[in-house]
Amino acid sequence: MLSLGLDASAVGWKLLPVLLVFGAVLAVVPLLVYLERKVCAWIQNRVGPNRVGLLGPDGLAQGVLGFSGGGKRILGGLLQPLADAIKLISKEDFIPAQADKFLFSLAPFFALLPPFLTFVVVPVGADLTFGGTTVPLIVADLGVGMLWVLSVSSLAAYGVQLGGWASNSKFSLLGGVRATAQMISYEITMGLVLLSVFMHYDSLSLREIVQAQATYFDPLLGRLAANGLGSWGVWHQPLAALLFVICAFAENNRLPFDMPECEAELVGGYHTEYSSMKFGMFFQGEYIAMLAMGAVISTLFFGGWHYPGYASVAAASPNLAALISLAVLGAKVMIFVLFQMWVRWTLPRFRYDQVMELGWKVLIPLALVNLVVTALVNL
Amino acid sequence: MDAALTLAASDLVQWLGNLLTFRLASCLALSGALFAIGAWGVLARRNILLVLISVELMLNAVMLAFVAFARAHVNLAKETGLPYAGESGQIFALTIIALAAAEAAVGLAIVIAYFRNRQTVDTRDISLMRH
Amino acid sequence: MVRAMHSMLATLLFWIVVLMTVTAATFVVVARNILHAAFALAVAFLGVAGIYIFLHADFLAAVQLIVYVGGIIVLVMFAIMFSAHTQEGTVEPRRTWLALGGGALVAGVVLAATIMLINRLQVPLAEANAHADAAYRTTASAAPGEIALGHVLLGEYLLPFEVASILILAALVGAVAIVRKETR
């Protein structure tokens, strides 16, 4: 609900979660780029980026201060994303002569913006309290939170479709068409999965879903227990969790669903013709989408910011408990991001018809079965 | 003279304020404008896809009118003491959305099938039945 | 004071959304490039979703985003890409000013008639919103009316709901049957 009816002092506090969430996302993205290259290198038994760092013979300290730090490379490569960014910005921002200039320039924004908007409804931590003012760590607690997640993820299709079409290149167009078809197909499964999650929790608000995962019925104790791992949604909706994770891969166009990019056949897919910061925005958008999907998965199925022992910490100091909860959600999100990287560098790519067959003939029927079973259980 | 001018100015401000308040008429004006623009598109465009698009615009205008009227209905319900049934307007809108989705699916299928056969989507060329 | 400023800001925002919607809708009709027109339609639908939020119909706004912006328009763009041989093929070559002008005239008459009809409807919607939401204030964070909407949809209006679902199924099968390549 778009209700801004609050007094002036609360408006200032309202900005805190906004700055916190978006600042954190922007700060983490370069780190993820570095991490992806390192993870890829570990899996392929290589070293990965190890030159552009702080200390060491090639480090920033050596270049600026003349201080080599003992000649050993420590965390070499940590500044590689910075070097990449400088390279991207200083490259020529090329627009093909026959391209549709307006849509060509607009498409990268649609790749960047929707994943950002997903974070609006994700509760990132327990409430903070400052001198009597309670500050919920969520940008906007929409009553229709889950539908919001679904609608912004459907907006992401515009970026790839418009980008692929506006480039006026056959590789881009094929990539764009594939991407859109794939995203629309997997969105159906995603919607059905969210529907069964909604049925289970009786709420569309992600905040209430997290709260519902705080307690669970312990069969050993024979009563409601608080804050155990047993209260996670994944135990109640295992099939839904599995389907949602698969759909998250497909929505983000990550391997094994990276049909739209598919270097082997389509050069670079929808971003073949993009260069400089426009390419950089597609690139960043992918990492923000990974973070967003990690946040939604951990919120829906893995307890969100809740952790064992929250109640006892909160009894002693609510603010400390809230800070720990922030870190806990961050850790959960990072685990899912690492999982996505691990999968990307391990699995081979599907063929396009296999992607469609999996989506329509396997995932949608499974999601329907899950929906019917959930409905019967909750009858 | 000054007093009269001030009065006129305050009248103007009030009139503008009345005009610009968020009220039923403003929503319906938007709805009417969208419907008119949609009708314009249906009459003026030659590409059959754009005609379809304009019809969608008109459908949206109607939905908007339903929802706005449903909201305004609460005052009537208060005056008459009858139960508030504002959700009924939204039901209409939801049904229209469902019908629009069905219409788009069938319409686009027909357009694509036609393009396969005749290589055109221009309404002036779609005149087979006239000959 | 804060409350007055808040309501003024909300009104301003409302008119900005209205302006955006009407501009985008006009662009749908006058744009030469069909794909640009489809994109403008997406913006117009986004604006209508915004108006739904002003009318406290959050669920409807979300459905509008998912079905219209995320579904129907993407399909329309698909159809545009498939029904043009080249990228230049999506630009309409010839314009008849007679058609544009005649259409505009009809549209203008419709608009004028509508505005004359609705000018008497002075119901202030902000107040209506407050009254209508009052009944739902007690439910934690569920959107006002959302629960009632569900009850009405699956209670009083169950028959239209089911009829609509059957219609969608029929349309789906029909669409597939129409576009399927015939195998002889």
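In this predicted model, the largest nonpolar core holds 186 residues, and those touching the most other members are Leu49(B), Leu64(B), Val67(B), Ala38(C), Leu41(C) and Ile73(C). Helix α3 of chain C, residues 58–82, supplies the largest share of this core, with 18 residues. Where does the core sit with respect to the two domains of chain C? Domain 1 (1–93) and domain 2 (145–184) both contribute residues, so the core lies between them. As general background, nonpolar side chains in soluble globular proteins tend to be buried together.

It is worth zooming in on one of these residues. Which residues does Ile73(C) contact once its neighbours within four places in sequence are set aside? They are Ala38(C), Leu41(C), Ala42(C), Phe45(C) and Tyr68(C). Two of these partners, Ala38(C) and Leu41(C), are also named among the core residues that touch the most other members.

Now for chains A and B, which can be set side by side:

| Property | Chain A | Chain B |
|---|---|---|
| Helices and strands | 14 helices, 4 strands | 4 helices, 0 strands |
| Buried residues | 45% of 379 residues | 48% of 131 residues |
| Contacts with a separation of 6 or more that join residues 24 or more positions apart | 75% | 50% |

The elements of chain B follow the order α-α-α-α when read from the N terminus.

In chain A, helix α6 invites a quick geometry check. How far apart are the end C-alpha atoms of this helix, which covers residues 170–201? They are 46 Å apart, and this agrees with expectation because 32 residues at 1.5 Å a residue should also span 46 Å. Just after α6(A) comes Asp202(A), which has a positive phi, near 60 degrees.

Finally, a few words on confidence. The model as a whole has an ipTM of 0.81 and a pTM of 0.84. For chain C, the average pLDDT is 78, and 73% of its residues reach at least 70. Where in chain C does the pLDDT fall below 50? This happens over residues 136–143, a stretch that nevertheless has 16 contacts in the model beyond near neighbours in sequence. Predicted coordinates should not be read in detail where pLDDT is low.

Notes. Residues are numbered from 1 along each chain as its sequence is written. Chains are lettered from A and ligands numbered from 1 in the order in which they are written. This is a predicted model: local features need pLDDT of at least 70, side-chain atom pairs count only at pLDDT 80 or more; totals for chains, interfaces and linings use all residues. pLDDT is the predictor's confidence in each residue, from 0 to 100. Two residues are in contact if their C-beta atoms, placed from the backbone, lie within 7 Å. Helices (H or I, at least four residues) and strands (E, at least two) are DSSP runs, numbered from the N terminus. A residue is buried if 20 or more other C-beta atoms lie within 10 Å of its own, exposed if 12 or fewer, and partly exposed in between; C-beta atoms are placed from the backbone. The expected span of a helix is 1.5 Å times one less than its number of residues. A nonpolar core is a set of buried Ala, Val, Leu, Ile, Met, Phe, Trp, Tyr and Cys residues joined through C-beta atoms within 7 Å. Domain bounds come from an automatic or database domain assignment.
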